[in-house]
Amino acid sequence: MKHLFVQSNVLFNLADKLPSDGKTFGYVKVPYSSDISAYGFVAVPIAIIGNGDGPTALLMAGTHGDEYEGQIALARIARTLTPDSITGRVIIVPMANSPAANAGLRNSPIDNLNLNRIFPGDVRGMPTAMIASYIERQLMPMADIVVDLHSGGHSLRYLPCATAVYHTDASERARRIALALAFGAPSVLIQHGFEERNTTGAARRAGAVRVGTELGGAASTEKALVDLAIGGVTNTLAWSGIVSESFATPRTTPLEAIYEVKPESDYVYALSDGLFEPAVHLGDKVNEGDLAGLLHDPSCMQNYPVEARFKAKGTVVCLRALANSKRGDCLVHLAQNFQARSDGELREAQSSKWLQDNYRRNRPRISKLKPNLRKGSQ
Ligand code: ZN
């Protein structure tokens, strides 16, 4: 019965040690002195559920505040998991950029910063930079795996998928894809870009492996997508050995595809302002030259709408959710079927043995990192 105690409303300073056992709900205090709150702080909700020796999973959502499935799912998982149901530790941060999440916005209304473009952050910076610094320098070094739940936000809608960021190192890439496959979403999407500034690069620098999602979008949500988030997180925890296999959601349909987004040719952008009328749906297969959509200007009725066409063959995985569009907005993007460069490396990564090895290596590194953190956060 020793693990059944629950603490609530515990406040953590940026350099405070987190509990390793029991169940704790609280807030990380990110100091922020404003005109209307001189000694105040930004409160980042956190839950820690721990039970002895084992891997640590950091579960995050609200990195972008207008992406909701993960926020709802992680709060429910935090209520449900008990210390006795896990081995190791689960750290849950459902509103990572809490000012953005409280406002229902992608970026923080305090500093207009995008948390997923500002890692490794700055402990002496604006609140979003301080949050990034805390996540990369304090939370991620404790973690073996990082689950960072995203959707399309206000402006985009996605075909629901688990995501992995492409890395040139084959074994790092295989681990990321293996974790994405463990999530159990209908498909896996391999993305390119922003590695050094996003949660993937932060996790890599901290010695953890990160899986993401794109679950829906249009700043809305629905039960099926929240359920997919909950199922995926518990599948990942089961694969990691943190919860038992009985928590996992058996896959009822086969994996549809592993997709890879080609950075240039798969994106269709608006090259004029207008009202976007898509010509395709999520999941459609298209050919190079096919119509992606029309940009209308009803103020010049005599003009025909501007056509936006695909530059490649592929599958539509992301669509702009807003009609009103400006030059430079992403309207649609495609993805290609991914060809694994090394099936052997992917097979090896799909066993979770590397995670256990990583966990053992991780432990001494945590104690080495602490003095720097204390120094950096004074
Ligand atoms: Zn996002």
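Me: Helices are DSSP runs of H or I with at least four residues, numbered from the N terminus. Which helix holds both Lys 223 and Asp 227?
Reply: This is a predicted model. Lys 223 and Asp 227 are four residues apart, about one turn of the helix. The two form a salt bridge, and their closest N and O atoms are 2.6 Å apart. The element that holds both is helix H6.

Me: Is Lys 223 buried or exposed?
Reply: Exposed means over 50% relative accessible area. Its partner Asp 227 has 32%, so Asp 227 is partly exposed. Lys 223 has 62%, so Lys 223 is exposed.

Me: About how many helical turns separate Asp 357 and Lys 353?
Reply: These two also form a salt bridge, with the closest N and O atoms 3.0 Å apart. Both lie in helix H8, which covers residues 353–376. Because they are four residues apart in that helix, the separation is about one helical turn.

Me: What is the relative accessibility of Lys 353?
Reply: Asp 357, the partner, is partly exposed at 27%. Lys 353 falls in another class: it counts as exposed. Its relative accessibility is 54%.

Me: Are Arg 176 and Glu 195 buried or exposed?
Reply: Arg 176 and Glu 195 form a salt bridge, with the closest N and O atoms 2.9 Å apart. The pair links distant parts of the chain, 19 residues apart. Arg 176 is in helix H4, and Glu 195 is in the loop between strand E9 and helix H5. Both residues are buried.

Me: How many salt bridges does a search of the whole structure find?
Reply: Some salt bridges share partners. These join Glu 136, Glu 172, Arg 176, Glu 195, Glu 196, Arg 204 and Arg 205 into one network. For the whole structure, the search finds 13.

Me: How far apart are the C-alpha centres of domain 1 and domain 2?
Reply: Domain 1 takes in residues 2–261 and 340–357, while domain 2 takes in 270–337. The two domains touch: 13 residues of domain 1 are in contact with 17 residues of domain 2. Their C-alpha centres lie apart by 31 Å.

Me: Which residues of domain 1 lose the most area to domain 2?
Reply: The domains bury about 1200 Å² between them. Carbon and sulfur atoms carry 63% of that area. On the side of domain 1, three residues together account for 43% of what that side buries. They are Arg 157, Leu 159 and Tyr 259.

Me: How many residue pairs are in polar contact across the interface of domain 1 and domain 2?
Reply: Salt bridges give no help here, as the rule finds zero of them across this interface. Polar contacts are another matter. With both residues at pLDDT 80 or more, the number of pairs in polar contact is five.

Me: Which element gives the most to the side of domain 1 that touches domain 2?
Reply: Two elements give two or more residues to that side: strand E7 (156–158) and strand E11 (257–260). The one that gives the most contributes four residues, and it is E11.

Me: Where does Pro 120 lie?
Reply: A cis peptide bond joins Phe 119 and Pro 120, with omega about 10°. Helix H2 spans 98–103 and helix H3 spans 127–139. Pro 120 lies in the loop between H2 and H3.

Me: Is Ser 133 buried or exposed?
Reply: Ser 133 sits in helix H3. Leaving out residues up to four places away in sequence, it touches Pro 120, Gly 121, Asp 122, Val 123 and Gln 138. The cut-off for buried is under 20%. At 4% relative accessibility, Ser 133 is therefore buried.

Me: What is the phi of Asn 9?
Reply: Asn 9 is found in strand E1, residues 6–12. Asn 9 is exposed, with a relative accessible area of 58%. Although it is not a glycine, its phi is positive, at about 55°.

Me: Where is Ala 218 found?
Reply: Ala 218 also has a positive phi, about 60°, although it is not a glycine. It counts as partly exposed, because its relative accessibility is 31%. Ala 218 is found in the loop between strand E10 (209–214) and helix H6 (223–239).

Terms used. Residues numbered from 1 in each chain as written. Predicted model: local features only at pLDDT ≥ 70, side-chain atom pairs only at ≥ 80, totals over all residues. Heavy atoms only, no water. Domains from an automatic or database assignment. Contact = heavy atoms within 4.5 Å. Buried area = accessible area lost by both parts, 1.4 Å probe. Salt bridge = Lys/Arg side-chain N within 4 Å of Asp/Glu carboxyl O. Polar contact = N/O pair within 3.5 Å; in protein donor to acceptor, adjacent residues only side chain to side chain. Buried < 20%, exposed > 50% of the residue type's maximum accessible area, 1.4 Å probe, protein only.
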